[in-house]
Amino acid sequence: MYYRETGQIVSSYIEDRRMVPVREDRWIMWAFLAFMFFVVPFIGNDYWFSAILIPIMVLGIASLGLNIASGYTGQLSLGTAGFMSFGAFTAYNLLLRVEWMNIWLAFLAAGVVAGLMGVIFGLPSLRIKGFYLLVSTLCAQFFHEWLFNAYPWFLNYASSGVVHLPPFHYRFMPFQDQIFDMLGMAKEYNAYVWRYLIALIVCVVLALAAKNMVRSSTGRNWMAVRDMDIAAKVIGIPVGKTKLNAFFVSCFYCGVAGAMYSYCYIGNLDFMIYDLRRSFLVMFMIILGGLGSILGSFLGAIFVYGWPILVTRFGDAVFGGGYLDTAFVENNSKIVVGTIIVVLLIYQPFGFAGLWNTIKHRLRIWPFRT
Amino acid sequence: MSTTPPALAINNIEAVYGGAILALRGVSLTVNKGEVVSLLGANGAGKTTTLKACSRLLGAERGEVTKGTIELYGEDISKFNAYEIVRQGVVQVLEGRHIFSHLNVEDNLLTGSFIRNMSKAEQKRNLEHVYELFPRLTSRRKNPGGLCSGGEQQMIAVGRALMAKPSLILLDEPSMGLAPQFIEQIFEIIKRLNEEEGVSFLVSEQNAMVALRYASVGYVIENGRVVKRGSSKELLESTDVAEMYLGGGKDVSFDGVKYYHRRRPSFV
Amino acid sequence: MEVLNSLVGAFAEMFTLFGLEVFVGGMLSGIMYSLVAIGFVLVYKSSGVFNFAQGTMLLFAALTFVSLTERQVNFWVAFAITCVVMVIMGIIIERTVMRPLANQDLLSLFMATVGVNYFLEGLAQGTWDSAVHGVELGVPTDPVFVSEIIPWLDILVSKFDGFAAAVALSLVIGLYLFFQYTRTGLSLRAVSDDHMASQAVGIPLTKIWAIVWAVTGVICFIAGLIWADRLSVSFTLTWAVLKGLPVILIGGLTSIPGCLVGGLIIGASEKLGEIFFADVFGGQGIEHWWAYLTALVFILIRPTGIFGERDIERI
């Protein structure tokens, strides 16, 4: 690679325990963040925000959540979309019914409520293991569909079952009305660029938090439980507590992602979109991206979400607009994603993140071979 | 050239895991018919890899033999499947025993016999033979294998291999986690099988003392390379081996040990 | 208080003849779930793989069969062709997915089947179509009055359910005997315990798996046919797998008779719940999560299902 870590000598424990140990990597990270925060909002257009950047960040957070439960702690979960839904409905009801609520607090509450649901549905994990645990998370998945259907109160009695999220929900900074009036932007609260910035901030905070949790004793406990829970118990890790806190954190992320899915991405609330298929989609993201990898969660989201778009775009470019029908694109992406899952599992069990690490490792010692 | 080819001949093999980690870098060894050969080495030296290369089980761990040949009775095995190796009469007893924990002891033993399409009567005879070798197992017949003690599990593992009527057994660390008298017992049985039935053995061991007492020839393997070969007597007398594995070499100074390490290049 | 009253009322109503009819009807419809579950358990028991692609294999089989009959292919010819297709498909899955992944951890294998599931979903609908088809097996669906046979039992049972039960029962008995008393059956159980060790003792892993997957393909087809007759063939058929899941978890992943018992329990509990308890919870449509809740209760009592093998863990 064009840079080496050689010569970067650490002289204190603080430095030694840095999240990004190589100086150049740090530069790249800061440059990337600066680009996302200060350049993209000005050069991006609505299509990029609404159809690409926001959904990838939102789904990335959801898959990060699932990755914490499945990839780091080894607890299989198929209820991701259910927990997202709990989060979305929490945020909606708080913003609707609580006068002083703003979107940050609502997202936080969404995470906490979803996390608590996660703990409830994760309780069986204290007693049952492995595939048997699927039953509990699937229960969560179906329970939410029924709950929000049977009790229309949660949807504020919307007759169609879908609520458009009104602009006053998008209150994300103090004196927002006044500032927006002053700038002459009227009530463009939910313009895509704002949604993008909200999503980006949440995304960065959560990703950094996850990265640090994984490096701390919390994360090491998770991984110990994943790798062999009996051995973990023997060396004094509280297995039950570890599992439950993994479920909480995991579902917290899913809940926030769910609220963001409604508020930042599609702009309305509908429990039907949080169906089992969404859970699976998120699961594909972590399988492809890499189990037990934070970068991988986002890479997986990019691929699984991006592939159908790429195929459509490609079809439009080659055969002219609208040549490929949606059914074809859908089937194609199913076949491709399915194939890639299998191929990756065989050749690179750690997914895209593993691939990335291999490449990095090769480059680092290039031109020598391992 | 002798007219009968050796039971096992490994010629300068190299083995790689996951396309990246070089585990063996040139191992050659020979097991003649009716011989007990021991393979000594520290953890990670490449003993298990060598044995798995012979039984074609490397692929299961993303490993492969990249160079060299392995011959069983003069026949190259590079195209064989794991079960074809067993059919040739070569059975491996895995390190760490690998019992079928949900099957009972008798079923565990029976699985070993399926490769030879033997009659029920023969199967029974075989089973009796194993029980006679390991009387302890008789009372455990119907217990799940997973609930047996470590020693019993090792007996099951060896017994299971015997059910296939092998002519060569690849025994990987039979002493792992066993009490000294169990180790003695296992090796006594090896000796007995070798003398009475002419079964050849390739035994990988860390417990060099015991292994060399029962084996006729020993190989010392280190960093994926055979560094010493000799009759057990020679090896027992060698100061290097004494220092490295027996811990009793008085004449070798610490400098000497370092020198011993240094005289081989450590990269490829 | 009101809830409590209605709950008590619901319980009281359950122990009437109507309750019994619901109970029996539920058990019989649970057999449908057992049919899906059998394929699951077969694969799990013989390789330790939790085959999530079961539902899609079912859809694929039914869709192939329907598409053939709709093209005026004779019933039995279509049946034979579909069987062959399913056998080939099973073998291909074994070759391309399971074989390279032998000895990997069970989670990877599960994920691989999820990948296969997704792949087949695309393939099934890409090859055929995603329209809704009807299937007519010619099994009568009219109800039987049980009272004609057992005079004091004045309830109705559908003939079709009886037919499904007969199919499921014969499959269960056949497979049970196979696993318990044949050499291959024993080998299969060994393989599910430890891939590496079974290779070391010379069990031809790959051959055996090919057989299992082929058989699974055919079982999927049979289950698919019966389900298709019930529901019609469309994408919703893949959700049959979600009905099979609580069943095998109750019965235990490794137990073939468990499928039957699990199916009966889930079926009965689902119907009873829907008819007597849905109102208590203030809304219809509880059967989806109700089945899982039932399963959860059972599993909390017995963590590996009713007949499942206990995990033997040691360090």
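In this predicted model, Asn223(B) sits in the loop that links strand S9 (217–222) to strand S10 (225–231) of chain B. The phi angle of Asn223(B) is near 50 degrees, which is a positive value in a residue other than glycine. Most residues other than glycine have a negative phi. Asn223(B) counts as partly exposed because 17 C-beta neighbours lie inside 10 Å, a number below the 20 needed for a buried residue and above the 12 that is the limit for an exposed one.

Chain B has another residue of this kind. Tyr73(B) also has a positive phi, near 50 degrees, and is a residue other than glycine. Tyr73(B) belongs to the loop between strand S4 (63–72) and strand S5 (75–76) of chain B. With 17 other C-beta atoms within 10 Å, Tyr73(B) is partly exposed.

**The sheet of chain B**

The two strands on either side of Asn223(B) pair with each other: S9(B) and S10(B) run antiparallel and are joined by six bridges. Within this pair, Tyr219(B) stands opposite Arg229(B) in S10(B). Both strands belong to an open sheet of six strands in chain B, ordered S6-S7-S8-S3-S9-S10, with mixed pairing. The edge strands of this sheet are S6 and S10 of chain B, each of which pairs on one side only. From one strand to the next, the twist averages 15 degrees.

S7(B) pairs with S6(B) and with S8(B). The pairings for which bridge counts are available are set out below.

| Strand pair | Sense | Bridges | Example of facing residues |
|---|---|---|---|
| S6(B) and S7(B) | parallel | four | Gln92(B) and Leu170(B) |
| S7(B) and S8(B) | parallel | five | Leu171(B) and Val203(B) |
| S9(B) and S10(B) | antiparallel | six | Tyr219(B) and Arg229(B) |

Between S7(B) and S8(B) the chain passes through helix H7 (residues 180–197) of chain B, and this β-α-β crossover is right-handed.

Strand S7 (residues 168–172) of chain B has five of its five residues buried, so the strand is largely enclosed by the rest of the structure. In a regular strand the side chains alternate between the two faces of the sheet. In S7(B), Leu168(B), Leu170(B) and Asp172(B) point one way, while Ile169(B) and Leu171(B) point the other way. All of these residues are buried, Asp172(B) included.

**Contact between chains B and C**

The contact between these chains takes 28 residues from chain B and 21 residues from chain C. On the side of chain B, helix H2 (82–87), strand S6 (90–93), helix H3 (105–111) and helix H6 (150–162) each supply at least two residues. H2(B) gives the most, with four residues. S6(B), one of the contributing elements, is also an edge strand of the sheet. By class, the side of chain B that touches chain C divides into 16 nonpolar, eight polar and four charged residues.

**Contact between chains C and A**

Chain C also meets chain A: 38 residues of chain C are in contact with 37 residues of chain A. Helix H5 (106–127), helix H10 (240–251) and helix H12 (287–301) of chain C each bring at least two residues to the side that touches chain A. The largest share comes from H5(C), with 13 residues. This side of chain C is made up of 25 nonpolar, eleven polar and two charged residues.

Elsewhere in chain C, Ile81(C) is part of helix H4 (residues 75–98). Ile81(C) has 15 other C-beta atoms within 10 Å and is therefore partly exposed. Thr64(C) is 17 residues away from Ile81(C) in sequence, and their C-alpha atoms are 8.9 Å apart in space.

**Chain A as a whole**

The secondary structure of chain A consists of 15 helices and two strands. Chain A has a radius of gyration of 21 Å, close to the 21 Å that the globule rule gives for 370 residues, so chain A is as compact as a globular protein of that length. The C-alpha trace of chain A spans about 60 × 50 × 50 Å along its principal axes. Of the 370 residues in chain A, 44% are buried. Among contacts in chain A between residues at least 6 apart in sequence, 76% join residues at least 24 apart.

Technical notes. Residues are numbered from 1 along each chain as its sequence is written. Chains are lettered from A and ligands numbered from 1 in the order in which they are written. This is a predicted model: local features need pLDDT of at least 70, side-chain atom pairs count only at pLDDT 80 or more; totals for chains, interfaces and linings use all residues. Two residues are in contact if their C-beta atoms, placed from the backbone, lie within 7 Å. Ala, Val, Leu, Ile, Met, Phe, Trp, Tyr, Cys and Pro count as nonpolar, Asp, Glu, Lys and Arg as charged, and the others, Gly among them, as polar. The radius of gyration is taken over C-alpha atoms; the globule rule is 2.2 Å times the number of residues to the power 0.38. Two strands pair if DSSP finds at least two bridges between them. A crossover is right-handed if, with the strands pointing away from the viewer, the path from the first strand over the helix to the second runs clockwise. Axes are lines fitted to C-alpha atoms, for helices over the stretch in contact, and angles run from 0 to 180 degrees between N-to-C directions.
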